[in-house]
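Visitor: I would like to go through this structure with you. May I begin with a few short questions?

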Amino acid sequence: MSQLLPGVLAEIAELVGNAKALQIAAHAGGTRVYFPGKVNSDHWLVQCVGLEDAGKILERFGGDTCDIPQAGHGSFALLRRRIAQRIHQLEAESKSSKDIAREVGVSQRTIHRLRKARRRDREDKQGSLF
């Protein structure tokens with residue numbers, strides 16, 4: 001899963017595991033943080049991952065400032081998922097791409113790209129006969 005985590009979170013996951021990298025994203029995602037050389041038990045990093053794993057992270061990132069990605073939990077990612085879900089609902093109601101675009105507030109081209117991606121995903125899961 002660490003390949004699915006963006007940026008510095010993938011590196012952190014390699015050091016302490018995916019669950020703890022996601023805890024850091026939940027706490028500091030979308031912000032820039034400074035990793036000091038040493039921390040005490042009151043530091044947010046220790047609160048998130050424990051003293052031992054905080055030490056592992058600080059061995060690698062101590063003294064660095066890093067932008068912590070939101071790891072798919074950000075408001076923009078949530079908005080995109082909800083728009084895609086609404087488009088899918090309207091398609092299930094047999095609405096035209098023009099009507100869907102107007103109702104959802106996106107371009108018809110966006111509707112067509114989503115349809116194409118969905119078809120490609122289905123084809124990839126089916127596999128080839130040849």
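Visitor: Is R115 buried or partly exposed?

Guide: This is a predicted model. In it, R115 is partly exposed, with a relative accessible area of 24%.

Visitor: Which side chain does R115 meet in a salt bridge?

Guide: The side chain of R115 meets that of E91, at 2.4 Å from N to O. R115 belongs to helix α7 (residues 108-126) and E91 to helix α5 (residues 75-92), so this salt bridge ties together parts that are 24 residues apart in sequence. E91 is buried, at 17% relative accessible area.

Visitor: How many salt bridges are there by this rule?

Guide: The count comes to nine. Among them is the pair K56 and D53, at 3.4 Å from N to O. K56 and D53 are three residues apart in helix α4, so about one helical turn separates them. K56 is partly exposed at 33% relative accessibility, whereas D53 is buried at 11%.

Visitor: Which residues are linked in a network of salt bridges?

Guide: E11, R60 and D64 are linked in such a network. Elsewhere, E103 and K95 form a salt bridge at 3.9 Å from N to O. E103 is partly exposed, with a relative accessible area of 43%, and K95 is partly exposed at 33%.

Visitor: Let us turn to the interior. Which residues touch the most other members of the largest nonpolar core?

Guide: They are I12, I24, F35, W44, L45, I57 and I68, in a core of 25 residues. The elements giving two or more residues to this core are α1 (7-16), α2 (18-28), α3 (44-49), α4 (51-61) and β2 (65-68). The most come from α1, which gives six residues. Apart from this core lies another, of five residues, including L90 and I111.

Visitor: And α2: which of its residues are buried?

Guide: In α2, the buried residues are A21, I24, A25 and A28. They lie on the same side of α2, because they cover an arc of only 100° around the axis. These buried residues pack against α1, β1 (31-34), α3, α4 and β2. The face turned away from the buried side carries the exposed residues A19 and A26.

Visitor: What follows α2?

Guide: G30 follows α2, with a positive phi near 85°.

Visitor: One last topic. How many disulfides does the structure hold?

Guide: The structure holds zero disulfides. As for cysteines, C48 is buried at 15% relative accessible area, and C66 is buried at 10%.

Key: Residues are numbered from 1 along each chain as its sequence is written. This is a predicted model: local features need pLDDT of at least 70, side-chain atom pairs count only at pLDDT 80 or more; totals for chains, interfaces and linings use all residues. Side-chain values use heavy atoms; hydrogens and water are left out. A disulfide is a pair of cysteine sulfur atoms within 2.5 Å. Buried means under 20% relative accessible area, exposed over 50%, partly exposed in between (1.4 Å probe, protein chains only). A nonpolar core is a set of buried Ala, Val, Leu, Ile, Met, Phe, Trp, Tyr and Cys residues joined through side-chain atoms within 4.5 Å. Helices (H or I, at least four residues) and strands (E, at least two) are DSSP runs, numbered from the N terminus. The arc is that of the directions from the helix axis to the C-beta atoms. Contact means heavy atoms within 4.5 Å. A salt bridge is a side-chain nitrogen of Lys or Arg within 4 Å of a carboxyl oxygen of Asp or Glu.
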